[in-house]
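Here are some notes on the model, set out as numbered points so that each can be checked against the coordinates. Please read them with the structure open beside you.

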Amino acid sequence: MSAVLVSNIGELVTNDSSLGDGSPIGALSDAALVVQGGRVSWVGQRDQAPEADSLVDVAGAAVIPGFVDSHSHLVFAGDRAGEFAARMAGRPYSAGGIQSTVAATRQAPDEVLAANVARLVTEMARQGTTTIEVKSGYGLTVADEVRSLAIAAEFTPETTFLGAHVVAPEYADDPAAYVDLVTGPMLAAARDHARWIDVFCERGAFDADQARAVLAAGMTAGLEPRIHANQLGEGPGVTVACEVGAAAADHCTYLSDDDVANLRDAGVVATLLPGVEFSTRSPYPDARRLLGAGVTVALATDCNPGSSFTSSMPLCIALAVREMGMTPAEALWAATAGGAAALRRDDVGRLVLGASADFTVLDAPSYVHLAYRPGVPLVSAVYRRGQRVT
Ligand SMILES: [Zn+2]
């Protein structure tokens, strides 16, 4: 197995607190790392680096773990730019806008859906993302949910069955029957294509009992739970997440003091999605409050055509720092190791011995530039399992 030495790293973020500056991001200066067989086989000071078969000299640039985007909805067709423009002209956001994407997605051939996912995955990679989670949820029929998941699985093992995104239009007058469909035949057909089960627990979508039923059925079918919770107002989503031991509760924009304590005590990751608040002109979640309470925080894009059509983790980091009270180091950790925690992965989101060699070279001397230079394309090279992907 040939070894590649990546050297002359001005600042290397490892997310290993036993390295470098001793902070959670474990930053080393004047560092190097060695990649062998797609994994990190050595990390340390440049002048102590071992011999290798080839050399990549990054000329003093910062190197960070590849971003782990633990929340996205990439399998869809259609465009909602008009809805965005209307919202920016004063119309409020509600969960119901999802239905317009459902209609377009059902009509789209598989090839169109797959090409759209491929385009967005490439867009994400160019911005430094190396691990993604992708949800279904714009089909809302057995066949359309299954094909959505099968397409997602071509791009990532982190696929999430979200038949319970909103009630399908055919069941508008009988949501209980739709929950029966989701927890019965739809789940039975979807389970082999998904790792995770998810539900949008919100006014206008599913209530606490419906969310419990969806997650319980998914868990019985062997899927692991995660949830959309507390996006549009305080509600039961976080409570349900903690009851079932979900990996993550996503959004967490409106939380009671009990919610915050429950997230910490249950070890449920709070995944914050600031692209949503940006794109819906809504108040941001209070990351400082969660971090102060000891809750593990992740950042993700929620890339979707309605409420957050960004694929950019650097944008999410900049928003988290500017609008949510996070330090640049906290935001970077949340976008890498935090996302990995939200997916229960310990092989990504960190650059430590044995981890997947997923890393991003920045056109900057420090990761701080991700927030300090918002909107600037700072990603100069991305490696996944040791192979350059951009
Ligand atoms: Zn979402």
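Which residue follows H7, and what is the sign of its phi?

1. The residue in question is Gly-245, which comes after H7 and has a positive phi, near 70 degrees. Please keep in mind here, and in the points below, that this is a predicted model.

2. Helix H7 itself, spanning residues 237-244, is mostly covered, since 7 of its 8 residues are buried. The buried set consists of Gly-237, Val-238, Thr-239, Val-240, Ala-241, Cys-242 and Val-244. These residues pack against several elements on both sides of H7 in the sequence: helix H6 (208-220) and helix H8 (257-266), together with strands S9 (196-201), S10 (224-225), S11 (227-229) and S12 (248-251).

3. Turning to another pair of helices, H4 (residues 142-152) packs on H5 (residues 175-190) at an angle of about 30 degrees, and their axes lie 9 Å apart. Because angles under 35 degrees count as roughly parallel, H4 and H5 are therefore described as roughly parallel to each other. The crossing of H4 past H5 is right-handed.

4. The residues that form this contact are Val-142, Glu-145, Val-146 and Leu-149 on the H4 side, which meet Pro-185, Met-186, Ala-189 and Ala-190 on the H5 side. Sorted by class, the contact of H4 with H5 comprises 7 nonpolar residues, no polar ones and 1 charged residue. As general background, an α-helix has 3.6 residues a turn, so residues three or four places apart point the same way.

5. His-193 lies in the loop between H5 and S9. Is His-193 buried or partly exposed? His-193 is partly exposed, because 18 other C-beta atoms lie within 10 Å, whereas 20 or more would be needed for a residue to be called buried. Leaving aside residues up to four places away in sequence, His-193 touches Val-146, Leu-149, Ala-150, Ala-153 and Thr-159. His-193 and Thr-160, although 33 residues apart in sequence, are separated by 8.5 Å from C-alpha to C-alpha.

6. The last point concerns three strands, of which S15 (residues 359-362) and S16 (residues 379-384) run antiparallel and are joined by 4 bridges. Within this pairing, Thr-360 has Val-382 of S16 as its bridge partner. S16 also pairs with S17 (residues 387-388), again in the antiparallel sense, over 2 bridges, and here the bridge partner of Tyr-383 is Arg-388 in S17. The hairpin of S16 and S17 has 2 residues between the strands, and in this hairpin Arg-385 takes a positive phi near 50 degrees.

Note on methods
Residues are numbered from 1 along each chain as its sequence is written. This is a predicted model: local features need pLDDT of at least 70, side-chain atom pairs count only at pLDDT 80 or more; totals for chains, interfaces and linings use all residues. A residue is buried if 20 or more other C-beta atoms lie within 10 Å of its own, exposed if 12 or fewer, and partly exposed in between; C-beta atoms are placed from the backbone. Two residues are in contact if their C-beta atoms, placed from the backbone, lie within 7 Å. Two strands pair if DSSP finds at least two bridges between them. Axes are lines fitted to C-alpha atoms, for helices over the stretch in contact, and angles run from 0 to 180 degrees between N-to-C directions. Angles under 35 degrees count as roughly parallel, over 145 as roughly antiparallel, 65 to 115 as roughly perpendicular and the rest as oblique. A crossing is left-handed if the near helix is turned anticlockwise from the far one by less than a right angle, and right-handed if clockwise. Ala, Val, Leu, Ile, Met, Phe, Trp, Tyr, Cys and Pro count as nonpolar, Asp, Glu, Lys and Arg as charged, and the others, Gly among them, as polar.
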